[in-house]
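Here are my notes for you, set out point by point. I hope they help as you go through the model yourself.

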Amino acid sequence: MPGNRTVQPTSQPSQSLESELPVTGLPVKTAARLGMVACPHCATLWEHVKARDRCGRCGAELHMRKPDSLNRTWALLIAACIMYVPANILPVMTTVPFLGKEQQDTIMSGIIYFWNSGSWALALIVFTASFLVPLFKLAVVTLLLISVQGHSKRRLLLRARLYRLVAVIGRWSMLDVFVVTLMTGLIQIQGFATVHPGAGIAAFAAVVVLTMLASISFDPRLIWDVTEHEPGKPA
Amino acid sequence: MREVPDLIACEECDAVYRRSPLGRSEIALCCRCGAELERDRRAQRSRVLPLAVAGLCMYIIANVFPLLELESRGGLVSQATLMGSVHSLNTEGMLLVAFLVLATTILFPLIQLLALIYLLTFPIRFRRFGNPTAFNLTGRLIQILRPWVMVEIFLLGVIVAFVKLTSMATVLPGVALWACGALAFLLTAVFSFNPRCIYISRRAYKKKGE
């Protein structure tokens, strides 16, 4: 019904005002406690779901929580941490001019070059995208994993927001990969200069992909699961 | 297994709410974690198909014409297209990185646009749902690929490379650069479309037919 524009002024918990801040500790019932499972793709809620059931509307597999979320996220995170070292040490790009010495660039030296040449705005963008964001992502995902495994009840809302932030900004680290791709594609002029990609860029691309996969495989609902009453305690 | 149609669960904290009808462009937020529950997209829905077609046109221009033109002091000229850059990365032995760039800037945007146009024409315009498996897979594909379409990041990369090169030689922006910018904007607008609403409209259609 496209003509239906009214919002029912009932005391329903779903809020339509963006300005109203969410309140933590509000008594809410979770789907898990009600014995329902939400479809990860079309968000339909289902009752009485058995193992290996599929969503009756879109056919996606139904799980109470993302399967094996913590183990998968740990594996991807550790792999990303390992790749982070060569990504920052190895050169990402080698410039060979027709005359003169060849020049090797790492991620950091590229940023310093921008800063020294006066384009500090660009230096800040690249510094944020290729240095701060990956480091922030690794730190936040580690923090989320440790706090979930330790059943921490502190700062639930802050952690939920950090997860959302990481999921949004993670993709922007790909910036340096694209810059190296373009430089390689453009500067292949015999008699002027050539640019070769270095091993560092492959490691850096791996860090970006692995951390993106890690944040996708982490289930933010696990943060909130500690607020449920534990099985041994009275409800 | 039974469907619970009048309830909705927050995707990020699992809190359950009663669905309430949303007004024009209203957003329902979870009051525990602040994540978005539902968003009214009736206003955008009629705009998505033309935007997706426009995006496809821009996509073709962005891939055919050169992105940047470089003129060195000696008068040597070099042009870089999207595909050419990926190819030279591949010849330098960076097969996996080349594939990653190919996927995020060339393959995935194309798949995304084609899948959207398919979903918006056959099931919505012509009321022809056809094979439900193909329909479901297309809807899911759009959602899975969404974080991996990186045209806007690529655009920023072009700008950074542009500034980097100005110290070495004269750089001119090509036609594809503008098309790339337009494509980034169009994709962002198109992504406001959520394939979920198709499932809802499909159900409404089925009910009407009964």
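The points below take up the core, the contact between the chains, some helices and strands, and two backbone angles.

1. A word on the source to begin with: this is a predicted model, and local features are described only where pLDDT is at least 70. For side-chain atom pairs the bar is pLDDT 80 or more, while totals for chains, interfaces and linings use all residues.

2. I would start with the largest nonpolar core, which has 118 residues. Those with the most contacts inside it come from chain A, with Val177(A), Phe204(A) and Ala205(A), and from chain B, with Val97(B), Val158(B), Cys180(B) and Leu183(B). Helix H6 of chain A, residues 199–217, supplies the largest share of this core, at twelve residues.

3. Val177(A) is a good place to look. Apart from neighbours within four places in sequence, its contacts in chain A are Ile201(A), Phe204(A) and Ala205(A), and on the chain B side they are Val97(B), Leu100(B) and Val101(B).

4. Val177(A) is also one of the buried residues of helix H5 of chain A. This helix covers residues 175–186, and twelve of its twelve residues are buried. The buried set is not purely hydrocarbon in name: Asp176(A), Thr181(A) and Thr184(A) are among them. From first C-alpha to last, H5(A) reaches 17 Å, close to the 16 Å expected at 1.5 Å a residue.

5. Now the contact between the chains, which takes 74 residues from chain A and 70 residues from chain B. On the side of chain B that touches chain A, helix H5 of chain B (residues 151–166) gives the most, with ten residues. That side divides into 41 nonpolar, 15 polar and 14 charged residues.

6. H5(B) has 16 residues and a first-to-last C-alpha reach of 23 Å, close to the expected 22 Å. Its buried residues include Val151(B), Phe154(B), Val158(B) and Phe162(B), and also Lys164(B). Val158(B) appeared above among the residues with the most contacts inside the largest nonpolar core.

7. Strands pair across the two chains as well. Strand E2 of chain A (residues 45–47) and strand E1 of chain B (residues 2–4) run antiparallel and are joined by three bridges. Leu45(A) stands opposite Val4(B) there.

8. Within chain A there is an open sheet of four strands in the order E4-E3-E6-E5, with antiparallel pairing. Strands E4 (103–105) and E5 (188–189) are at its edges with a single partner strand each, so one side of each has no neighbour in the sheet. E5(A) pairs with strand E6 of chain A (residues 193–197) over two bridges, and Gln188(A) stands opposite Thr194(A) in E6(A).

9. Chain A is divided into domain 1 (22–64) and domain 2 (69–223). Their C-alpha centres lie 34 Å apart.

10. Finally, two backbone angles to check. Arg155(A), not a glycine, has a positive phi of about 50°. The residue lies in the loop between helix H3 (120–149) and helix H4 (156–169) of chain A. Asp14(B), again not a glycine, has a positive phi of about 75° and is found in the loop between strands E2 (7–9) and E3 (16–18) of chain B.

11. Are these two residues buried or exposed? Arg155(A) is partly exposed, with 13 other C-beta atoms within 10 Å. Asp14(B) counts as buried, with 29 C-beta neighbours inside 10 Å.

Technical notes: Residues are numbered from 1 along each chain as its sequence is written. Chains are lettered from A and ligands numbered from 1 in the order in which they are written. A nonpolar core is a set of buried Ala, Val, Leu, Ile, Met, Phe, Trp, Tyr and Cys residues joined through C-beta atoms within 7 Å. A residue is buried if 20 or more other C-beta atoms lie within 10 Å of its own, exposed if 12 or fewer, and partly exposed in between; C-beta atoms are placed from the backbone. Two residues are in contact if their C-beta atoms, placed from the backbone, lie within 7 Å. Ala, Val, Leu, Ile, Met, Phe, Trp, Tyr, Cys and Pro count as nonpolar, Asp, Glu, Lys and Arg as charged, and the others, Gly among them, as polar. Two strands pair if DSSP finds at least two bridges between them. Domain bounds come from an automatic or database domain assignment. The expected span of a helix is 1.5 Å times one less than its number of residues.
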